[in-house]
Amino acid sequence: TIEWVTEKLSTVSIEKNEIYQIVFMFFGNRHFKKQLDQFYTPMTICNFINSLLIPGRTAIDPACGTGDLLNQYKGDITLVDKCASVLEMTRFIKRNTTATIEHRDSLRDLLSLERTYDYCVMNPPFGTKTVETDSSILNTYELGKGKEKQEIGILFVELGLRLLNKKGILFAIVPNGYLGNTKGDYIKMREMIIKKYTLIGIVKLPDNAFNRSGTGVAT
């Protein structure tokens, strides 16, 4: 029995970063995970995105959580989140010792950095209940102007695109509905992308890719 168990365990691989994620998701209270939509991105997906980035360039994650998405990137990294408690975890983990970690409201504060970055990589909070209602923020976005509320995820897509320099690339994890939903806001978002930017590609992530994070949303 011991030999059999040893053999099975020898085939199991888990990264140190995954252990940090599991600890955070297990001990992180309901406020982190539900009200702020702090669902971590599985390391397999983080590693896949990092494999597509050219080293030595500028990269930002404006909804960084614990900083997983750029955990392997070798370049000038900026990690921003509006939740101070989550950023304490990010600083503790210190996956990238050279990363700049900032406690800011990205939707409010980061438009001053338009056309700055080579890469924007993000898994922003999304969902019809996760909305921005501050008119001073909404009116600075094409997809929020004149509205009483807008999904935070939609605004983050626009923010991510605006943060890029002329040759910059956005990697955004979004729900399937952003690409297929026929409601007006989703259509406007897709029209904006097609008219103003170049859509390089769409990658459907495996079903239940985020199960370990506590959500079954298709992305």
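**Figure 1. The buried salt bridge of E158 and R162 in helix α8 of the predicted model.** In this predicted model, E158 counts as buried, at 3% relative accessibility. Its side chain meets that of R162 in a salt bridge, with an N to O distance of 2.9 Å. R162 likewise counts as buried, at 17% relative accessibility. Both residues belong to helix α8, and because they are 4 residues apart they are separated by about one helical turn. The pair is part of a network of salt bridges that links E114, E158 and R162. Side chains of opposite charge can pair when their charged atoms come close.

**Figure 2. The contact of helices α8 and α10.** Helix α10 spans residues 184-196 and packs with α8 at an angle of about 10 degrees, the two axes lying 11 Å apart. Angles under 35 degrees count as roughly parallel, and α8 and α10 are therefore roughly parallel to each other. From α8, the contact involves I154, V157, E158 and L161, which meet D185, Y186, M189, M192 and I193 of α10. By residue class, this contact comprises 7 nonpolar, no polar and 2 charged residues. E158, shown in Figure 1 in a salt bridge with R162, is thus seen here among the residues of α8 that meet α10.

**Figure 3. The salt bridge of D185 and K147.** D185, one of the α10 residues in the contact with α8, also forms a salt bridge with K147, in which the closest N and O atoms are 3.0 Å apart. Distant parts of the chain are linked by this pair: D185 is in helix α10, whereas K147 is in the loop between α7 (135-138) and β6 (150-151), 38 residues apart. D185 is partly exposed, with a relative accessible area of 23%. K147 also counts as partly exposed, at 27% relative accessibility.

**Figure 4. The salt bridge of D105 and K82.** A search of the whole structure finds 8 salt bridges. One of these joins D105 to K82, with the closest N and O atoms 3.8 Å apart. D105 lies in the loop between β3 and α6, and K82 in the loop between β2 and α5 (84-93), so the pair ties together parts that are 23 residues apart in sequence. The partners fall into separate exposure classes: D105 is buried, with a relative accessible area of 19%, while K82 counts as exposed at 52% relative accessibility.

**Figure 5. The parallel sheet and the packing of helix α8.** Five strands form an open sheet in the order β3-β2-β1-β4-β7, with parallel pairing. Its edge strands, β3 (100-103) and β7 (164-172), each pair on one side only. From one strand to the next, the twist averages 20 degrees. Helix α8 (residues 152-162) packs on the sheet and touches β4 and β7, with its direction making about 145 degrees with that of β7. Strands of a sheet pair through backbone hydrogen bonds, either parallel or antiparallel.

**Figure 6. Strand β1 and its two neighbours around A59.** Strand β1 (residues 58-61) pairs in the parallel sense with β4 (residues 117-122) over 2 bridges. It is joined to strand β2 (residues 76-81) by 4 bridges, and β1 and β2 also run parallel. A59 has a partner in each of these neighbours: Y119 stands opposite A59 in β4, and I77 is the bridge partner of A59 in β2.

**Figure 7. Positive phi at R115 and N208.** Most residues other than glycine have a negative phi. R115, although not a glycine, has a positive phi of about 60 degrees. It lies in the loop between α6 (106-109) and β4. R115 is exposed, with a relative accessible area of 64%. N208, another residue other than glycine, has a positive phi near 65 degrees. This residue is found in the segment after α10. N208 is partly exposed, with a relative accessible area of 48%.

Terms used: Residues are numbered from 1 along each chain as its sequence is written. This is a predicted model: local features need pLDDT of at least 70, side-chain atom pairs count only at pLDDT 80 or more; totals for chains, interfaces and linings use all residues. Side-chain values use heavy atoms; hydrogens and water are left out. Two strands pair if DSSP finds at least two bridges between them. Axes are lines fitted to C-alpha atoms, for helices over the stretch in contact, and angles run from 0 to 180 degrees between N-to-C directions. Contact means heavy atoms within 4.5 Å. Angles under 35 degrees count as roughly parallel, over 145 as roughly antiparallel, 65 to 115 as roughly perpendicular and the rest as oblique. Ala, Val, Leu, Ile, Met, Phe, Trp, Tyr, Cys and Pro count as nonpolar, Asp, Glu, Lys and Arg as charged, and the others, Gly among them, as polar. Buried means under 20% relative accessible area, exposed over 50%, partly exposed in between (1.4 Å probe, protein chains only). A salt bridge is a side-chain nitrogen of Lys or Arg within 4 Å of a carboxyl oxygen of Asp or Glu.
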